[in-house]
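Here is a short report on one molecular model. Look at the chains first, then read on.

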Amino acid sequence: MIEFSTYNVIFFSISSFTLISAISVGLVNSLMRSLFFLILTFIGVAGLFILLSADFIAIAQLLIYAGSISILLLFAVMLTPESSTNNGNSKYFLPGILIGIIFTYLMVALVTIFQFNQLSGIHLKKLDFDNTIASIGELLLGKYIIAFELASILLLFALIGAISIVRSNESDFLISLNNKDKK
Amino acid sequence: MIELEYYLIVSILLFGIGLFVCIGKKNIISIVMGIELLLNAVNLAAISFSRYGSEFESQSDALSGHIFVIFILTVAAAEAAIALALCVLVYRHLKTINVSDVSELG
Amino acid sequence: MSLIFSFIPYIKRLIVLILILFGLAVGFILSKALFDLSIYSNAVFDFMIDKSSYNVAYFSSSLIGALGIISFIGLVLLVGSWVERRMIAKFQIRVGPNRVGIFGLLQPIADAIKLMQKEVLVPAVADKLLFFIAPVAIFIPAILAWAPIPWGPNMTYLNINIGILYIFAVSSLTVPIIFFAGWSSMNHYALLGSMRTVAMMVSYEIPISLSLLSVVIITGTLNLTEIVLWQSSNSIWLGLLIPFSLFTFFFSSTAEINRTPNDIAEAESEIVAGYHIEYSGMKAGLFMAVELGNAVLLGALVTSLFLNGWFLFGLENYIPPYIIFIAKTVAIYIVLIWLRATLPRFRLDQLMNFAWKMLIPVSIINFFMIAIETTIITNLDSSKYIIYLFAIINIAVFVGLIILWSKIFKIDKFSPEKIAPIFAQKIGGIKAMEGTKSVD
């Protein structure tokens, strides 16, 4: 059975915090509140990353998910005002719960049955990285350089695509105003 | 001792909750939130495999899971930007962002 | 007799002088005992590890360090507001708070008692959960960001390899909290203020990250302690080597923490108080305290990143290093007060133009230059003086780029005559703006 140690207490408190706030994302009825709980979930997952000795990924999680994607979602909520406070359920609410439970049950059963070839003890200590960030940098600019460049192209396309999708005649107003001044 | 299975179970639970949010909500923004939850669950699984995995030739190869997560983060940021831009566009045309109301072509 | 009376106006200054001398004498004696505060935390650790397990010992010794930092923040919050009000009064040729206690020193305590006595009003339509959580939650990043600050040689509380990223990530958590504070108040001004904050913070995070990237690429580390040690081993302050990064970081950070040249988010004359308009009593006090604490945190960051931390020309061997660090921090804070007393507030469109048309392109050019210089420095390991040459080149390029952008590209001349409130209409029902076609 699970023994009582500091690591276990921290693990169970962080994971229960994460899961409770993740469930709250689906259950609260205001979209702003569910966004708030989503940010809490991101922070909890970052805590789990720290427990897994992935310090850079934890910080990146905080920076990108909790700091940036949540801001994007905030902007989306504010730019669509009338349905913003409504976090209503679709007609597939009960099927959704059912699918979630069935999926979780099957996968948990699979994980508990399957014997993973995993490290423990001293071998695990060897993977306790002092400094992941240097190795990550070497891997990104060495072994995975093509994927890295492709990711930057993807980000550029996403940027241009998002701007060209949202752009409309209304937002051309300021530009036309400037052109008029030049004439 | 906490082992790989515990992290995987947390990841699976998070994935299940994400599925439920994706399916059970009618607001597009909620669905995007559900997708973010799914991606977070995948990240957690990748990092825990990278932590507890075995049979890597060098130490830095054990960090391949971290690289996967970095690419997932990149794709998630791009995906969120595009999805929310589409969401704003749908709202501008139809004055609603409920997926049940956005059911006709044109 | 008249001679004695003529001295009376100077008696206060004489008392201050005597107090300062006395303080210096006491400080010299104490500085031997308090040279390195980390020995006390280590003593607690050594004491506890005999009695109990490693975890308990680690926890208790880290608690001591945390208490030290938090008590410093508390002291800053108490004294800082008094310093700010007195300084601004001096700038504006007034007296400032001088009634409560000697020199008005007890004024912050009186303010705090007043704020606590006030009734905490909650708007009937407010989102209660977010309204209650926001002022508490905004304290968490403000205190967490103090952890990796290097106070002295062994006195970094959280000596992690990703110090800069940590501070950047933690402080980016304030953005959604401020937004929740503004949104949950259900007030138009609060919503406008929080939208302004979010827009400004998101756009000013880019120049901040570019300037921090320059620091990181030239020192080759993200650890704040190692950045300080790099500066002392190369015997140059990074603020001199890369002046544009210092300027960008400082100016953009004033936008991030809502200090006065950029405090668009809470412009009193436009949108009353921005996101904390509906908060009263100690809740508003918490927002103000966080603002003050962040200003001092900015001072500490600038000190450790650009002003060589606890080193001051060999003086750090004689007086405790953290005293030098705190002195530099307070100096930066006083510069912030000076800016507040001198500069008027910018308009929102001016600020956005400045970020996107001036700071970001110039930062990118600056970043490329520093990357080239770094490759030269790392490949020529024999020549130490090339860094000074690069410092002169960087200062020249800094001046040249500023002149280029201000005189030739003329971003300061850009002022649209009419700004339609498109954005305000988009964010949902600013009723006062419905009838207007344009706002001058």
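Domain bounds here come from an automatic or database domain assignment. The model itself is predicted.

**Two domains in chain C**

The assignment splits chain C into domain 1 (34–111) and domain 2 (118–432). Taken over C-alpha atoms, the centres of domain 1 and domain 2 of chain C are 23 Å apart. The two domains touch: 18 residues of domain 1 of chain C are in contact with 16 residues of domain 2 of chain C. On the domain 1 side, helix H3 (residues 54–91) of chain C gives the largest share, twelve residues. That side holds eleven nonpolar, five polar and two charged residues.

**Chain A**

Chain A has eight helices and zero strands. Its pattern along the sequence is α-α-α-α-α-α-α-α. Chain A has 183 residues, and 33% of them count as buried. Take the contacts in chain A with a separation of 6 or more: 55% of them join residues 24 or more positions apart.

**Where chain B meets chain A**

Here 65 residues of chain B are in contact with 75 residues of chain A. Three helices of chain B, H1 (4–24), H2 (28–52) and H3 (64–94), each supply at least two residues of the chain B side. Which helix gives the largest share of that side? H3(B) does, with 22 residues.

The table sets out the residue types on two contact sides.

| Side | Nonpolar | Polar | Charged |
|---|---|---|---|
| Chain B side that touches chain A | 44 residues | 13 residues | eight residues |
| Domain 1 side of chain C that touches domain 2 of chain C | eleven residues | five residues | two residues |

Terms used. Residues are numbered from 1 along each chain as its sequence is written. Chains are lettered from A and ligands numbered from 1 in the order in which they are written. This is a predicted model: local features need pLDDT of at least 70, side-chain atom pairs count only at pLDDT 80 or more; totals for chains, interfaces and linings use all residues. Two residues are in contact if their C-beta atoms, placed from the backbone, lie within 7 Å. Helices (H or I, at least four residues) and strands (E, at least two) are DSSP runs, numbered from the N terminus. Ala, Val, Leu, Ile, Met, Phe, Trp, Tyr, Cys and Pro count as nonpolar, Asp, Glu, Lys and Arg as charged, and the others, Gly among them, as polar. A residue is buried if 20 or more other C-beta atoms lie within 10 Å of its own, exposed if 12 or fewer, and partly exposed in between; C-beta atoms are placed from the backbone.
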